[in-house]
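Biologist: I'm new to this one, so could you show it to me and take some questions?

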Amino acid sequence: KYNQIEHKWHRTHAVSEALVKEMARLAKKHEVKFIVAKISGGHAMLDFAEKNRISNIDISVDLNLTENTNYPYDVHPSAIANQKYADKLDGFLRVEFLG
């Protein structure tokens, strides 16, 4: 519950958007490639990135599949999920930045 209250009071998503926008600006200024990659949650940050012409990709995996979690110990992503994240990101980076 506290997280919900904090989100409302402190406008945490707006802060995240401002930080991403500034990081993208600095990256461009210094000729550094910058990308926003979503691994979980909603699409708000990807929508923000798209609207601001920031390279972005959704690399999330289905965490309802047991193979993608550390179940039965916890629900964090497993080594399999991490490999899937890496593979998706690698493919995107090769196309987006290496041609």
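What follows is a short chat about a pocket and the nonpolar cores.

Modeller: Keep in mind that this is a predicted model.

Biologist: How much space lies in the largest pocket?

Modeller: Picture the open space with its 15 lining residues around it. Ala24, Lys28, Asn52, Arg53 and Ile54 are the ones nearest its centre. The space in this largest pocket comes to about 380 Å³.

Biologist: Which helix gives the largest share of that pocket's lining?

Modeller: Two helices each supply at least two lining residues: helix 2 (12-29) and helix 4 (79-98). The largest share is five residues, and it comes from helix 2.

Biologist: And how many charged residues are in the lining of the largest pocket?

Modeller: Let's go class by class. Six of the lining residues are nonpolar and two are polar. The charged ones number seven.

Biologist: Over to the largest nonpolar core: which helix supplies its largest share?

Modeller: That core has eight residues: Val20, Ala24, Val36, Met45, Leu46, Phe48, Ala49 and Ile54. Helix 2 and helix 3 (44-51) each bring at least two of them. The largest share, four residues, belongs to helix 3.

Biologist: Which residues does Ala49 contact, leaving aside neighbours within four places in sequence?

Modeller: Ala49 is a member of that largest core. With those sequence neighbours set aside, its contacts are Val36, Ile54 and Asn56.

Biologist: How many residues are in the second, separate core?

Modeller: Among its members are Ile59, Val61, Ala81 and Tyr85. In full, this second core has six residues.

Note on methods
Residues are numbered from 1 along each chain as its sequence is written. This is a predicted model: local features need pLDDT of at least 70, side-chain atom pairs count only at pLDDT 80 or more; totals for chains, interfaces and linings use all residues. Side-chain values use heavy atoms; hydrogens and water are left out. On a 1 Å grid over the protein atoms alone, a cavity is a set of points where a 1.4 Å probe fits but cannot get out, and a pocket is an open set with protein on both sides within 12 Å along at least five of seven lines; lining residues have an atom within 4 Å of a point. Grid points are joined across faces, edges and corners, and a volume is the space filled by probe spheres set on the points. Ala, Val, Leu, Ile, Met, Phe, Trp, Tyr, Cys and Pro count as nonpolar, Asp, Glu, Lys and Arg as charged, and the others, Gly among them, as polar. A nonpolar core is a set of buried Ala, Val, Leu, Ile, Met, Phe, Trp, Tyr and Cys residues joined through side-chain atoms within 4.5 Å. Buried means under 20% relative accessible area, exposed over 50%, partly exposed in between (1.4 Å probe, protein chains only). Contact means heavy atoms within 4.5 Å.
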